[in-house]
Amino acid sequence: MTTEMPSPASPLKIGTRGSPLALAQANETRARLARAFDLPFEAFQIVIIKTTGDKVLDRPLKEIGGKGLFTKEIEEDMLSGKIDIAVHSMKDMPVEQPPGLLLDTYLPREDVRDAFVSLTHGAMGDLEPGAKVGTSSLRRRAQLMARRPDLEVVEFRGNVQTRMMKLGNGVADATFLAMAGLRRLGMEEVVKSAIEVEEVLPAVAQGAIGIERRADDSRAAKFLEAIHDGPTGQRLAAERAFLAGLDGSCETPIAGLAELDGGTLRLRGEILRPDGSEVLNDDRRAPVEDGPELGAAMAAALRAEAGEGFFDWISG
Ligand SMILES: NCc1[nH]cc(CCC(=O)O)c1CC(=O)O
């Protein structure tokens, strides 16, 4: 079977959420595809899909609950053929995909660090006791409370523009955002300081863009193979195995980062009680091809160290 080339008359359809960050990521994917195959941009069509997570803005995500809040509608449209591929922030993706879909293509990873963002303070250390930090991330909340129990955490949702407005209105004195997202939005100027991973370990898969497709779509497979970044894939294999081994989702305060050092993969992992009162860390190395085993082994070790109560507390 020869692969039909996408053309402006018969484009490859790229599904995405409509947020500014999601659109920037979809456009980056489109540009990379067009460049790799020397095709016009119009051979790749961006299709915006509204998800439950986009519709419900007035409640914390953990209250709305359920996996795939930002992906269900997109995956349904892919299975029904309305779109061919979908672009996602890997940080937000469940470790397993629905039957018939594959998520195994990654663009080169951006900066993995969190950024300290504030209109009034330069770094976390400048915040006076009682200062308010806005975040809706359980990981960032727990990490902050572990380091600075004297600060107040306030619930903070919405896109980057909304969060900057809330800082301006005094809802919070500071917030944490991923460097990667701010870079992709061209908004790096709001960053007061980048937080090194030794200080705050980022979320699993932070800074990585993944592209999903139907398992039986050979045309999509051929196109995605050309833009896949192997090293990012090796790193995410370890990180996502770690998350899977902890039954982790966006509802669990877990951090993890894999890095390549020649033929060696270094994985750092962290689990926290939601109130930051206990933090468990691990740091291990393995050959690059053993990422899944490395992640699973670290998850098992931290699970054993934490004991049952640690996780009951998380889900309770
Ligand atoms: N959960 C929201 C989300 N998902 C991906 C990013 C940023 C881009 C990335 O980490 O790849 C963000 C915002 C943030 O954490 O600042």
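Does aspartate 38 count as buried or exposed, and how many C-beta neighbours does aspartate 38 have inside 10 Å? The first legend below takes this up.

**Figure 1. Aspartate 38 lies in a loop of the predicted model.** Aspartate 38 counts as exposed, because there are 6 C-beta neighbours inside 10 Å. The cut-off for exposed is 12 or fewer. The loop in view runs between helix 1 (20–37) and strand 2 (44–48). Aspartate 38 is not a glycine, yet its phi is positive, at about 50°.

**Figure 2. Alanine 205 is a residue with positive phi.** Its phi is about 70°, although alanine 205 is not a glycine. The residue sits in the loop between strand 9 (191–195) and strand 10 (209–214). Alanine 205 counts as buried, because it has 27 C-beta neighbours inside 10 Å. The cut-off for buried is 20 or more.

**Figure 3. Nine residues line the ligand: Ser89, Lys91, Asp92, Leu177, Ala178, Ala180, Gly181, Gln206 and Gly207.** Two elements, strand 8 (174–178) and helix 7 (179–184), each supply at least two residues of this shell. By class, three shell residues are nonpolar, four are polar and two are charged.

**Figure 4. Strands 11, 12 and 13 form an open sheet.** The strand order is 11-12-13, and the pairing is antiparallel. Strand 11 (254–261) and strand 13 (279–287) are the edge strands. Each has a single partner strand, so one side of each is left without a neighbour in the sheet. From one strand to the next, the twist averages 15°. Strands of a sheet pair through backbone hydrogen bonds.

**Figure 5. Strand 12 pairs with strand 13 in the antiparallel sense.** Strand 12 covers residues 264–272. Nine bridges join the two strands. At leucine 272, the bridge partner in strand 13 is valine 279.

**Figure 6. Helix 5 and helix 9 pack on the sheet.** Helix 5 (residues 138–147) touches strand 11, strand 12 and strand 13. The direction of helix 5 makes about 80° with that of strand 12. Helix 9 (residues 230–245) touches strand 11 and strand 12. The direction of helix 9 makes about 150° with that of strand 11.

**Figure 7. Helix 5 is mostly covered.** Eight of its ten residues are buried. The buried residues are Leu138, Arg139, Arg140, Arg141, Ala142, Gln143, Leu144 and Met145. Three arginines, Arg139, Arg140 and Arg141, are thus part of the buried set. The buried residues of helix 5 pack against strand 11 and strand 12, and also against strand 6 (132–134), strand 7 (152–154) and strand 8. Strand 8 also supplies at least two residues of the shell around the ligand.

**Figure 8. The protein chain, as context for the close-ups, holds ten helices and 13 strands.** Its C-alpha atoms fill a box of roughly 65 × 45 × 35 Å along the principal axes. The radius of gyration is 20 Å, which agrees with the value near 20 Å for a compact globule of 316 residues. Buried residues make up 39% of the 316 residues. Among contacts with a separation of 6 or more, 71% join residues 24 or more positions apart.

Conventions: Residues numbered from 1 in each chain as written. Predicted model: local features only at pLDDT ≥ 70, side-chain atom pairs only at ≥ 80, totals over all residues. Pairing = 2+ DSSP bridges. Helix = DSSP H or I, 4+ residues; strand = E, 2+ residues; numbered from the N terminus. Axes fitted to C-alpha atoms, helices over the stretch in contact; angles between N-to-C directions. Contact = placed C-beta atoms within 7 Å. Rg over C-alpha atoms; globule rule 2.2 N^0.38 Å. Near = placed C-beta within 6 Å. Nonpolar A, V, L, I, M, F, W, Y, C, P; charged D, E, K, R; others polar.
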